[in-house]
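Could you walk me through how to read helix packing and surface patches in a model like this?

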Amino acid sequence: MNRFRELILILFLCSIQLISLGNGLSFSKLSVENGLSNNLVNVIYKDSYGFIWFGTLEGLDRYDGVEIRPYSSKFPETVENVYTITEDYSKHLWVGTATGLFSYNSLFDKFERINIDSTNIIVKALSILPDSSLCVGTTNGLYIVNTKTRQSEHFLLDDLKNDKSNSITGIFVDNHGSCWLSTLSGLVKYAVSNKKNDHFIYKTDNEDGFNSFTSICNIGNKIYLGTSFNGIVEFDLLSRTFSTGINIGSKIILTLRSDNKERLFVGTDGGGLKVINVRTRIVESIETQENNLSSISSNSIYSFYLDENNRYWIGTYSSGVNFAKSIAGNFKLHPIASAYSEANKSIRSFYFAPDGTQYFGTRNGFIQIKKNGVAKFYHSDLNDKNGLRSNIILAVYPFMGDILIGTYGGGISRFSLAEQRIKPFFDSATFLQGNAYAFDTDVNGNLWIATFNGVYKYSPSDKSIVNFNKQDSSLICDEIFEISFDSKGRLWMGTMFGISVVNIKNDLLEKVELPKTAVNNFKINYVYEDQAGNIWICTERGGLIMVDSELTMSKTYHDTDGLPDNSVCAIIESSAGEYWISTLKGFCKLNSQSHKFTKFSLSDGLPSLAFTPASAYLSQDGTLYFGNEKGLVYFMPSDAVGTGQNSKIRLTDFYLFGKVVNPGPESTLKQAIEATDEIRLNDRSNSIGFRFTALNYINPDDNDYQYKLEGFDNEWRNNGSNNTVFYEKLQPGSYTFMVRNTNDTEIHSPNNVELPILIHRSLFKSPLFYGLLILLTFVGAYLVINYIKKLQKAGKSIVEVPQKFEKYGGTKIPEVLSSSIINDLKRYMDEKKPYLNSELKLADLATEINYPIHDISQVLNQDLNHSFSDFVNKYRVEEVKRRMEDKDYQKFTLLAIAEQCGFNSKTSFYRIFKNVTGKTPADYQKELKQSE
């Protein structure tokens, strides 16, 4: 490696901490391609349910971490420039736009205009007062709106109606309930109690420039004001004086927000986001970086929101929304991951020497970084036969004062500490090629090597080499990936087809029997002994196996128990009973006492969910290191809290028979599902479903759900990251639908969903109805018997000779009447779809269309040549065909669709469908798919 490249690497490693101060955050993006109404985002707001709202140039959108839903169609008119959003104490959403003020009505699922002025005015700022009134800042002064009665009062801040003082750009409500208003002509304090206002003007040579305020926020006793072209102005609430003490290098301020502690977030026009510590006056600049896709996408910042997890949300001029990928940065990447782009693909092996030197094995070479930061990168060189023979480094291991380097395809090399160069390990062809996956040393100082040709023992004393393979020993197979000596001297060998354990007697390997439950045929990635002497075996696809120190008992953990994945890469015990586990699809912590897993994901700051096998280390200071496909991840166990997996879960949709139910006064869903406390259904509405989401806003695949319908499910069901659930053919009764995070098993946790559902039993199916029917039957029988007895006493016969009659008595219904019956009958069938009820009777139809049963039956037979059942079943078949062609119903089986359409048995459905169409349902469906 040439000297210039070495110098660049050294400078990078030394300066990386300084760079991370300003640009350490990694951002995800949302734009019109993701469903955003427009890429100009004026305001970002998080409501009390946990949903994120975006006010854009062309409308209002809601984001749940999975999808962006447009809400502009729910306004009574076209929405332009949503400038401000807030929520009152009753969880009603208020929105200020370029055409006025609107409020969301959850009962009708739409926004209503609030007429605060005779003309449409621009609403730029909203804030809730302590008495729950709404303070509305407009281009025409201040309005105070009663949020219950919707009545408003108008206050001009200056007698001249068009004066800039009446153009309000921001509102801050202090602890006394007074409104501090930023305007285009100074700062105004409006006292709601006495309806008086005070104007404060910054006296400078250029008063207009410094008093044209675009935004306002508060920290402690200071008000901070953004100006149109003179940066930030401070106002001291105690002395009532202005100053310009903070220089951020940008003059045009578009938005100001604070964390209510000591940080001020400043959105500039062209200068990016400035984060100011108002106590230390240190300014951090977050700007777009060329060729860095993780930096913010625009330097024109129109809006900013800091959520409760300290995550940044940034609205830009033309690049949509940027938001930080992780919550708190619990996990960090070692600088080597970005210091050398050629080597940042994967860290498979590493070693931290006592003198502070660090050694890394990557998929593209070997790296040494000394304590002083001097770094060297080693590649294989075909012209150097004594150097590194392969760039894929599998193992790095200290041995006899040097560093052994096990490679894929290039055998074993040795990094000489004395000569500071790579040399052959041993003058033997055995180690000049092939794969060397792992090393370990026995109590006698012999080196054991895991290869694809069995296990080798190298004795330094006489430089002898012994090979143990499947043919001459008790090995399961010759492909060995892992070797490890336990505290009792037993050698554990992880192979392609399971684990082998042996005792070593001279040059013989004596097989040790394991519990049957620990025997498996999976590839073994890693073997680890904990503080209690238990052995943990990390398998690929077979989960995590624990064997006790006496080899008498074992326990296996799978993804169904809480592991992120059944392919386990490595495990380390940080403290007694607390284990950290890396897998190919995530990371977790296991408490061995409670057997509870805590998962970590991208939401918690992991750079990638894919970890590398047999790559883990616990340093003396307690720091944990794990090899990852994006580099070397490190963290302190106390810092990893797993906040990303404990986000609020909210219902976002309710389904009946596979269709989304929209809220409304006449709907089953009386208001928006997130505001619904209970759902009541009739016994026909027994096919239900839910869509839900955990509001962590990072990666939908991070969400790990469990659900349960209490009253139907006996146990919680795992749903992974899938966020929809459906139930069919529920019986009448009381249920509670519940969803929770896999990590959050607290009973009645506020993060989780619990929604009662009541399915009413039909009156005609209720026990009361059957009881009345039986009672009436007995009463009727009693009366008939008494009547017969009375007739017999009177000497009368109750038997009459039946008269033969022809069906319908030979009469024909007039054509006018029959046509009317047919038209009304078909219209009712088309509009109301009574055939969906499997228990539909002719009497039901007669009641609904108001014709005698006899007349309807005669018309069906004589005019339509159908029996009643044939007539109804034809409609049912047509409905089945329609739903089979509808993509929204593809999640249902044919039998489920048939039941939804009124068929009450599989046999009758297949028979009737074929009679009507000439094809079986399966054949018909197959032809549909072929025609697509």
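What follows is a short dialogue on helix packing and one surface patch.

Q: What should I know before starting?
A: This is a predicted model, so local features need pLDDT of at least 70 and side-chain atom pairs pLDDT 80 or more, while totals for chains, interfaces and linings use all residues. Residues are numbered from 1 along each chain as its sequence is written, and side-chain values use heavy atoms, with hydrogens and water left out.

Q: At what angle do the axes of α5 and α6 cross?
A: Two packed helices are described by the angle between their axes and the distance between the axes. Here, α5 (residues 815–832) and α6 (residues 842–849) cross at roughly 105°, their axes coming within 10 Å. That makes α5 roughly perpendicular to α6 (65 to 115 degrees counts as such).

Q: Which residues in α5 and α6 meet?
A: Contact means heavy atoms within 4.5 Å. From α5, Asp824, Leu825, Tyr828 and Met829 meet Leu845, Glu848 and Ile849 of α6. By class, that contact has five nonpolar, no polar and two charged residues.

Q: How do α5 and α7 pack?
A: Their axes are 10 Å apart at an angle of about 90°, with α7 covering residues 853–862. These two are therefore roughly perpendicular as well. Leu817, Ser818, Ile821, Ile822 and Leu825 in α5 touch Asp855, Ile856, Val859 and Leu860 in α7.

Q: Which residues form a nonpolar patch on the surface?
A: Patch members have over 30% relative accessible area (1.4 Å probe) and no salt bridge (Lys or Arg side-chain nitrogen within 4 Å of an Asp or Glu carboxyl oxygen); like charges are joined within 9 Å, nonpolar side chains within 5 Å. Leu772, Leu775, Val779, Tyr782 and Leu783 form this one, with about 500 Å² together.

Definitions and conventions. Axes fitted to C-alpha atoms, helices over the stretch in contact; angles between N-to-C directions. Helix = DSSP H or I, 4+ residues; strand = E, 2+ residues; numbered from the N terminus. Parallel < 35°, antiparallel > 145°, perpendicular 65-115°, else oblique. Nonpolar A, V, L, I, M, F, W, Y, C, P; charged D, E, K, R; others polar.
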